[in-house]
Amino acid sequence: KREKKGVIIMVTEKFTVKNEQGLHMRPAGVLSKAAAKYPCEVKLNVGDKQINAKSIMMIIGGCIKCGMEVEVVCNGEQETECLAELKELFLSGFGE
């Protein structure tokens, strides 16, 4: 889904975490490494928290548990490609 806020255009999509142990060290590492490959800004909105998806420590510190809804927001260059890759990771349970 593309959103237009003023002149800023970004892509967002919501996912439910299906990993039994949530986004612990390994899936957080996979997520941050994938996000870091792209030049766009990548944020995870979880409840009232906004987390930098390129930081493994911020993801782990977000205490994202199984069953929680996470909105992935990509904004900038290659945002569509980034969101597509992160979608695959969420849908595959980060390979777990």
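Here are some short exercises on the structure above, each with a worked solution.

This is a predicted model, in which local features need pLDDT of at least 70 and side-chain atom pairs count only at pLDDT 80 or more, while totals for chains, interfaces and linings use all residues. Residues are numbered from 1 along each chain as its sequence is written, and side-chain values use heavy atoms, with hydrogens and water left out.

**Exercise 1. Salt bridges**

Find how many salt bridges there are, and place the partners of Glu 13, Arg 26 and Lys 37.

Step 1. Start with the rule: a salt bridge is a side-chain nitrogen of Lys or Arg within 4 Å of a carboxyl oxygen of Asp or Glu. The count by this rule is three.

Step 2. Take Glu 13, whose side chain meets that of Lys 87 at 3.4 Å, N to O. This pair links distant parts of the chain, with Glu 13 in strand 2 (residues 8-16) and Lys 87 in helix 3 (residues 79-91), 74 residues apart. Helices (H or I, at least four residues) and strands (E, at least two) are DSSP runs, numbered from the N terminus.

Step 3. Check the exposure of both ends. Buried means under 20% relative accessible area, exposed over 50%, and partly exposed in between, with a 1.4 Å probe and protein chains only. Glu 13 is partly exposed at 24%, and Lys 87 is partly exposed at 30%.

Step 4. Move on to Arg 26, which forms a salt bridge with Glu 96, the closest N and O atoms being 3.4 Å apart. Arg 26 lies in helix 1 (residues 25-36) and Glu 96 in the segment after helix 3, so the pair ties together parts that are 70 residues apart in sequence. Arg 26 is partly exposed, at 37% relative accessibility.

Step 5. Finish with Lys 37 and Glu 85, whose side chains meet at 2.9 Å, N to O. Lys 37 sits in the loop between helix 1 and strand 3 (41-46) and Glu 85 in helix 3, 48 residues apart. Lys 37 counts as exposed at 54%, whereas Glu 85 is partly exposed at 23%.

**Exercise 2. Aromatic pairs**

Classify the ring pairs made by Phe 90.

Step 1. Recall the cut-offs: rings of Phe, Tyr and Trp (its six-membered ring) pair if their centres lie within 6.5 Å, and planes under 30 degrees apart count as stacked, over 60 as edge-to-face and the rest as tilted. The structure holds two aromatic pairs.

Step 2. For Phe 15 and Phe 90, the centres are 4.9 Å apart and the planes at 10°, so this pair is stacked. Phe 15 belongs to strand 2 and Phe 90 to helix 3, so the pair ties together parts 75 residues apart in sequence.

Step 3. For Phe 90 and Phe 94, the centres are 5.0 Å apart and the planes at 70°, so this pair is edge-to-face.

Step 4. Put the pairs together: they link Phe 15, Phe 90 and Phe 94 into a cluster. Phe 15 is buried at 6% relative accessibility, Phe 90 at 2% and Phe 94 at 3%.

**Exercise 3. The core and strand 3**

Work out which element gives the most to the largest nonpolar core, and how strand 3 pairs with strand 5 and strand 4.

Step 1. A nonpolar core is a set of buried Ala, Val, Leu, Ile, Met, Phe, Trp, Tyr and Cys residues joined through side-chain atoms within 4.5 Å. The largest has 26 residues, and those with the most contacts inside it are Val 42, Leu 44, Ile 64 and Val 72.

Step 2. Strand 2, helix 1, strand 3, strand 5 (69-75) and helix 3 each give two or more residues to this core. Helix 3 gives the most, with five residues.

Step 3. Look at strand 3, which is mostly covered, with five of its six residues buried.

Step 4. Two strands pair if DSSP finds at least two bridges between them. Strand 3 pairs with strand 5 in the antiparallel sense over five bridges, and Val 42 has Cys 74 in strand 5 as its bridge partner.

Step 5. Strand 3 also pairs with strand 4 (residues 49-52) in the antiparallel sense, over four bridges. Here Lys 43 has Asn 52 as its bridge partner. These two strands form a hairpin with two residues between them, and Gly 47 in the turn has a positive phi of about 60°.
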